[in-house]
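User: I would like to learn how to read helix packing, burial and unusual backbone geometry in a model. Could you take me through them one at a time?

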Amino acid sequence: MPSRSPLRRLSVALRLAEAYQPPDAPAVALTTTTSLSLFLINAKANFLKDVKEDEAKAADWIVVMGNEAGDLDTIASSIAYAWIQSEIYKKPAVPLLHIHRNDFVLRAENLHALKLAGLSPNQEELLTLDDLSQYQPFPARKFALVDHNCLADAFTHNNPQAHVVAIIDHHHDEGHHLDANPRVVTPCGSCASHIASLCPPEIPAELATLLLSAILIDTDGLVSGGKATSIDREAALILAPKTTFGNTIPPPSALSPIDHPNPDALSEVQSIKDLTSILAEKKADVSHLGGLDLLRRDYKEYSHKLLWATGQPTIKVGLSTVPTGLKSWATDGRLEKAAVEWMKRRGLTILGVLTSFRDAKKTLVGKNKKGKHKREMAWIILETSDLAKTSSDGLTASSLARRLWKGLEANAEIEVRRHKKFDMEKSEGLPKNSQARVYKQGNASATRKAIAPLVKEILEGNNVKPAEEAKKQEEPTPTSTTKT
């Protein structure tokens with residue numbers, strides 16, 4: 001990681017020093033008179049009023065939307081970017097959470113962070129898909145995408161004027177909406193870090209807390225050698241003194257000498273460690289969720305056009321990330337039952353279940369005492385009616401499986417090998433002609449960010465090299481950055 005300019009570091013140090021108060025001092029009063037909760041209440045109410053009463057006014061609103069996984073990063077980024085557009089640039093903007101209201105219970109870490117940000121226990125301030133389900137086509141035309149960079153078909157269906165006006169993301173660039181302005185698609189640990197760089201000097205303490213919470217949970221508390229990049233560390237340094245607990249953040253000079261700054265100093269602050277620990281514990285506790293809830297809890301969906309197949313059909317692929325091993329919830333046919341139900345509900349041809357967990361039985365000396373980090377993959381391919389129509393041309397679940405298995409097993413980045421203790425290939429819980437395979441993933445650092453573009457490459461047969469792109473994450477280069 002390149003070293004930061006000493007003058008820039010000194011500037012950050014001075015800002016933190018000015019903001020620092022000892023833990024027993026009263027919090028600094030905000031200069032803004034509009035709380036985050038009040039902004040959200042007004043934005044939601046005014047947008048829904050225009051949708052109901054004035055189509056022309058509704059078309060002027062910018063709907064700021066994260067991805068369908070509904071994680072803390074996507075929620076915080078949506079709320080913050082809508083706040084920026086509304087309060088700074090005076091454009092009508094509202095954050096739309098790409099989830100249903102009953103999905104909130106799936107993520108305890110989100111509920112905790114939203115509570116810290118001053119929102120009500122039932123999150124009534126937030127606009128969800130349920131609030132707009134009665135409107136077809138979608139009643140807005142302008143979209144700002146955060147934490148993803150491709151507008152879902154549901155928002156463009158019978159909506160020819162739908163237009164993406166902005167993209168702020170940290171995932172693999174899918175190459176859509178190239179006229180968006182700004183269009184920032186740059187790898188880093190958390191999309192919230194990009195959003196923080198766009199914030200004005202003064203923001204509500206609750207908003208700073210929400211953004212910092214997203215950064216901490218996505219970078220494991222900014223720990224050295226983890227997912228945090230220089231973008232994340234700079235954003236966290238700026239946000240920390242502005243949070244609701246900013247009076248607990250000492251200036252860098254109290255942590256390390258100004259002339260030899262420690263880029264990881266913030267991760268060593270006790271209040272940062274405490275918040276990271278609480279968020280991580282809540283995120284990891286999914287013991288109350290069944291198989292179907294685990295599949296939909298952290299889920300993303302993709303459409304892939306099979307250029308190599310007759311007629312070039314398009315299929316839907318879902319990727320569910322599950323923070324616990326298959327052994328704890330997926331045995332005795334439970335995965336098959338939940339997967340088939342979810343795939344039929346979503347119209348999927350392929351579902352990938354990506355697990356991430358720590359094996360307490362394999363704790364390495366001097367390493368994380370919580371156990372060795374492991375990942376697994378379970379893949380299911382259904383023989384759908386769309387495939388059946390073209391089966392005479394060779395497109396079947398079996399032919400798709402051969403292509404997918406070959407591509408996954410040949411990839412040197414993810415290092416998969418067949419799971420000997422979890423075999424679904426002869427499962428009786430899957431429909432006839434379905435295909436399934438389970439792998440252990442050798443490279444536990446390869447997340448869905450790497451898997452999704454790899455699957456795209458395998459299925460579409462293009463020349464993208466996602467594994468190489470993933471390696472660039474520590475030293476990011478913007479694919480496109482334009483003025484806000």
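Analyst: What follows is a walk through helix contacts, one helix in its surroundings, and some backbone features, all in a predicted model.

User: How is the packing of two helices described, and at what angle do the axes of α4 and α6 cross?

Analyst: Two packed helices are described by the angle between their axes and the distance between the axes. Here the axes of helix α4 (residues 72-88) and α6 come within 9 Å and cross at roughly 15°. Because angles under 35 degrees count as roughly parallel, α4 is roughly parallel to α6. The crossing of these two helices, α4 and α6, is left-handed. On the α4 side the contact is made by D73, S77, A80, Y81 and I84, which meet C191, A192, I195 and L198 of α6; by class, the residues of this contact divide into seven nonpolar, one polar and one charged.

User: How does α6 lie relative to α8, and which residues meet there?

Analyst: The axes of α6 (residues 191-198) and α8 (residues 230-239) come within 9 Å and cross at roughly 55°, which makes α6 oblique to α8. This crossing of α6 and α8 is left-handed. S193, H194 and A196 of α6 meet I231, D232, A235 and L239 of α8, and the contact has four nonpolar, two polar and one charged residues.

User: For a single helix, what should the length of α12 be, and what covers its buried residues?

Analyst: At 1.5 Å a residue, the 13 residues of α12 (residues 334-346) should span 18 Å, and the end C-alpha atoms are 18 Å apart, which agrees. Buried in α12 are L335, E336, A338, A339, V340, W342 and M343, and what covers the buried residues includes α11, β7, β8, β9 and β10. Just after α12, G347 takes a positive phi of about 70°.

User: Which residues that are not glycine have a positive phi, and are D147 and N158 buried or exposed?

Analyst: D147 has a positive phi of about 60°, and N158 has one of about 55°, although neither is a glycine. D147 lies in the loop between β4 and β5, and N158 is also placed in the loop between β4 and β5. D147, at 1% relative accessibility, counts as buried, whereas N158, at 56%, counts as exposed.

User: Finally, where are the cis peptide bonds that involve P137 and P182?

Analyst: One cis bond joins Q136 and P137, with omega about 0°, and P137 is found in the loop between β3 and β4. The peptide bond from N181 to P182 is also cis, with omega near 10°, and P182 sits in the loop between β5 and β6.

Conventions. Residues are numbered from 1 along each chain as its sequence is written. This is a predicted model: local features need pLDDT of at least 70, side-chain atom pairs count only at pLDDT 80 or more; totals for chains, interfaces and linings use all residues. Side-chain values use heavy atoms; hydrogens and water are left out. Axes are lines fitted to C-alpha atoms, for helices over the stretch in contact, and angles run from 0 to 180 degrees between N-to-C directions. Helices (H or I, at least four residues) and strands (E, at least two) are DSSP runs, numbered from the N terminus. Angles under 35 degrees count as roughly parallel, over 145 as roughly antiparallel, 65 to 115 as roughly perpendicular and the rest as oblique. A crossing is left-handed if the near helix is turned anticlockwise from the far one by less than a right angle, and right-handed if clockwise. Contact means heavy atoms within 4.5 Å. Ala, Val, Leu, Ile, Met, Phe, Trp, Tyr, Cys and Pro count as nonpolar, Asp, Glu, Lys and Arg as charged, and the others, Gly among them, as polar. The expected span of a helix is 1.5 Å times one less than its number of residues. Buried means under 20% relative accessible area, exposed over 50%, partly exposed in between (1.4 Å probe, protein chains only).
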